[in-house]
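Biologist: I'd like to learn how to read a sheet and the things packed around it. Can you walk me through one?

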Amino acid sequence: MWERFRAHLTETDSPRDLTGPSVRVRRLELDDAPRILELLDDPEVSRFFLWEPPHDLMEAEQYVQGFLQEIEQRSAYHFAVMDSASDELLGVANLYHIDARAGEAEIGIWLGREYWGQGVQQEVNRLLLRLGFEALQLRRILFLVATGNRRAQAAFRKLGAAEHGRTMLRSQRQQRRVEHLVYRLEVAQWQALDHRWSVPGLKSRRV
Ligand SMILES: CC(C)(COP(=O)(O)OP(=O)(O)OC[C@H]1O[C@@H](n2cnc3c(N)ncnc32)[C@H](O)[C@@H]1OP(=O)(O)O)[C@@H](O)C(=O)NCCC(=O)NCCS
């Protein structure tokens, strides 16, 4: 498993773009920092973050740099979510905490407030699920969601993920541990659901 994962990552200098009907995800770049700062200015977006959102351009660049390092170390995929028509950055999505031995990884996502409720989340997560299940051949993908984050919980349930226990995560921001629900999607469940997700124009290529 680990060999396959490394082979996939070393084939590509950087994670490839993944394209859906209306959005694509591409490797984050340092130049994305100003737009990320702008979108994270809304406290509703960062309300459940475990880390303090960036307050200035330098902090936004540090946020991106941290992700770029993990991409370089080939330990995670961190993507900018782009609107295909306008080429505007809508948010950030991550396939990370990849545990090749266990065949698991986690998905993280945030979108600018004005892009909620428009199907962007579903489209992006389908792309990341395909990356995880098809290209990396993972066995399961997890979403860890704060117990109070009802909107994200509903969003991940719509993807077919089911609640599978709770865990306490350290909040750097609040200096305490915060209870999170663990949502889990197994590869077999995802395969059974996939027919529901065939969207005209969605390229079903291996990534
Ligand atoms: C999480 C996030 C990516 C989800 O994207 P989204 O576009 O808002 O999600 P969707 O609209 O596809 O799904 C949300 C669902 O929750 C429902 N919902 C909204 N508020 C709710 C609430 N308080 N309780 C229960 N359900 C709620 C919506 O009605 C929607 O369901 P529907 O499509 O059946 O109407 C986005 O809200 C976001 O970026 N949030 C801030 C960052 C964040 O919390 N990230 C997740 C960290 S784990």
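Modeller: Sure, and keep in mind that this is a predicted model. It has an open sheet of eight strands, in the order β1-β2-β3-β4-β5-β6-β8-β7, with mixed pairing.

Biologist: Which are the edge strands?

Modeller: They are β1 (18-19) and β7 (162-171), and each of them pairs on one side only.

Biologist: What holds strands together in a sheet?

Modeller: Strands pair through backbone hydrogen bonds, either parallel or antiparallel. Here, take strand β6 (residues 140-146) and strand β8 (residues 176-186): they run antiparallel and are joined by seven bridges. For one residue of that pairing, look at Arg140, whose bridge partner in β8 is Glu186.

Biologist: And the helices? Which strands does α5 touch?

Modeller: Helix α5 (residues 120-135) packs on the sheet and touches β1, β2 (23-27), β3 (77-83), β4 (89-99), β5 (104-111) and β6. Its direction makes about 155° with that of β5. Helix α6 (residues 150-158) also packs on the sheet, touching β6 and β8, and its direction makes about 160° with that of β6.

Biologist: Now the ligand. How many residues surround it?

Modeller: There are 18, and the closest are Trp116, Gln121, Arg150, Ala154 and Ala155.

Biologist: Which element gives the largest share of that shell?

Modeller: That's α6, with six residues. At least two residues each come from β5, α5 and α6.

Biologist: What classes of residue make up the shell?

Modeller: You'll find 11 nonpolar, four polar and three charged residues around the ligand.

Conventions:
Residues numbered from 1 in each chain as written. Predicted model: local features only at pLDDT ≥ 70, side-chain atom pairs only at ≥ 80, totals over all residues. Pairing = 2+ DSSP bridges. Helix = DSSP H or I, 4+ residues; strand = E, 2+ residues; numbered from the N terminus. Contact = placed C-beta atoms within 7 Å. Axes fitted to C-alpha atoms, helices over the stretch in contact; angles between N-to-C directions. Near = placed C-beta within 6 Å. Nonpolar A, V, L, I, M, F, W, Y, C, P; charged D, E, K, R; others polar.
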